[in-house]
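Below are some numbered remarks on the model, written for a colleague who will be working from the coordinates. They take up exposure, backbone, packing, empty space and charge pairing in turn.

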Amino acid sequence: MAITFLRPALAGAAAVLALGAGLVAGTDTTTDDAYAAGATTTPAPPPKTISPVGALFANGSHFCTASVVHSGAGDLVLTAAHCVKDGMAFAPGYHDGVAPLGRWPVTEVTVAGGWTSSADPDLDFAFLTVQQAGNPASVESLTGANVLGVDRGFTNRITLKGYPDTTDSPVVCTGTTTRSDTYQQRVACPGFPDGTSGGPWVTDGAVVGVIGGYELGGDTADVSYSAYFDDDIAKLYASATS
């Protein structure tokens, strides 16, 4: 599995790492708890067609979430950089323990150099190239794909989908994103614990974030974070598709 590294770390990363979920004055409630109040998450219904969102597997178990993003070759998947490990495979449309298209091994990983050197949370995204042995079709030709949404602003109505480690079906939530820091965005979606990292934030067919960034996606299961998608991810996408 080839790994391509790009981009030095951004200035100001330490300031982002130093942020935390502070208590709301005069209460025992954290700012994230208050932000998440009223949001709801539900199990995703069984798909009528194969979803471009799927589970990432390694060592026999799913551990993160990823989604197909449009590319010329149709073989590109987007996830969080902190999900990257050896021996990954992508199972699009995974539901109720069934992988309707099987698993697609990751043959190449493209991550930012700033993530590799310092785990910069503003660069917590990765592109994976996938290919299934003996299958001439691309994954995108079978599932469709979201386009990459760059510089769409910090306030978007999104649908978020991810695979908790403890279940074999995804959960889904619809919410409105807000700005959390200079290059971080967040959304209130309860019930997105470990395993949902890399889950796509989709608005009007464009993916504008993935669970990651601050505290690898957040320090509670009720509020999720993403690095803001700007020219850094645009340049990484260009490298992954060149």
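1. Buried means under 20% relative accessible area, exposed means over 50%, and partly exposed covers what lies in between. The model is predicted. Ala119 has a relative accessible area of 37%, so this residue is partly exposed. Ala119 sits in the loop between α3 (113-118) and β8. Its phi is positive, about 50 degrees, although Ala119 is not a glycine.

2. Most residues other than glycine have a negative phi. Asp96 also has a positive phi, near 55 degrees, and is likewise a residue other than glycine. Asp96 belongs to the loop between β6 (89-92) and β7. With a relative accessible area of 52%, Asp96 is exposed.

3. On the overall make-up, the protein chain has five helices and 16 strands. Of its 242 residues, 50% are buried. Among contacts in the chain with a separation of 6 or more, 71% are between residues 24 or more positions apart.

4. Which residues have the most contacts inside the largest nonpolar core? They are Leu56, Leu78, Phe90, Phe125, Phe127 and Phe229, in a core of 37 residues. At least two core residues come from each of β3 (53-58), β4, β5 (76-79), β7 (104-112), β8 (126-130), β15 (206-210) and α5 (231-240). Strand β7 gives the largest share, five residues. Another core lies apart from this one; it has 10 residues, including Val171, Cys173, Cys189 and Trp201. In soluble globular proteins, nonpolar side chains tend to be buried together.

5. Phe127 can serve as an example of the packing. Leaving aside neighbours within four places in sequence, Phe127 is in contact with Val69, Leu76, Val77, Leu78, Glu108, Val109, Thr110 and Leu148. The list of its contacts also takes in Ile233, Leu236, Tyr237 and Ala240.

6. Thr129 lies in strand β8. Its relative accessibility is 12%, so Thr129 counts as buried. Not counting residues up to four places away in sequence, Thr129 touches Asp75, Leu76, Pro105, Val106, Thr107 and Glu108.

7. Where is the empty space? Rolling a probe the size of a water molecule over the atoms shows where empty space is left. The largest pocket has a volume of about 230 Å³. Two elements, β4 (61-68) and β16 (223-227), give two or more residues to the lining of this pocket. Its lining has 20 residues, and Pro193, Asp194, Gly195, Ser197 and Leu216 lie nearest the centre of the pocket. By class, the lining of the largest pocket comprises nine nonpolar, eight polar and three charged residues.

8. A search of the whole structure finds one cavity of 30 Å³ or more. The volume of the largest cavity is about 30 Å³. Its lining consists of Gly149, Asp151, Arg152, Gly153, Asn156, Gln185, Val208, Tyr228 and Phe229. Three of these lining residues are nonpolar, four are polar and two are charged. Phe229 is also among the residues with the most contacts inside the largest nonpolar core.

9. Asp151, which helps to line the largest cavity, is in the loop between β9 (147-148) and β10 (157-162). Is Asp151 buried or partly exposed? At 48% relative accessibility, Asp151 counts as partly exposed. Beyond its neighbours within four places in sequence, Asp151 is in contact with Tyr228, Phe229 and Asp230. Between Asp151 and Asp230 the C-alpha to C-alpha distance is 5.1 Å, and the two are 79 residues apart in sequence.

10. Side chains of opposite charge can pair when their charged atoms come close. How many salt bridges does a search of the whole structure find? The search finds one. It joins Lys235 and Asp231, with the closest N and O atoms 3.8 Å apart. Both residues lie in helix α5, four residues apart, about one turn of the helix. Lys235 is partly exposed, with 42% relative accessible area. Asp231 is partly exposed too, at 38% relative accessibility.

Note on methods
Residues are numbered from 1 along each chain as its sequence is written. This is a predicted model: local features need pLDDT of at least 70, side-chain atom pairs count only at pLDDT 80 or more; totals for chains, interfaces and linings use all residues. Side-chain values use heavy atoms; hydrogens and water are left out. On a 1 Å grid over the protein atoms alone, a cavity is a set of points where a 1.4 Å probe fits but cannot get out, and a pocket is an open set with protein on both sides within 12 Å along at least five of seven lines; lining residues have an atom within 4 Å of a point. Grid points are joined across faces, edges and corners, and a volume is the space filled by probe spheres set on the points. Ala, Val, Leu, Ile, Met, Phe, Trp, Tyr, Cys and Pro count as nonpolar, Asp, Glu, Lys and Arg as charged, and the others, Gly among them, as polar. Buried means under 20% relative accessible area, exposed over 50%, partly exposed in between (1.4 Å probe, protein chains only). Contact means heavy atoms within 4.5 Å. A nonpolar core is a set of buried Ala, Val, Leu, Ile, Met, Phe, Trp, Tyr and Cys residues joined through side-chain atoms within 4.5 Å. A salt bridge is a side-chain nitrogen of Lys or Arg within 4 Å of a carboxyl oxygen of Asp or Glu.
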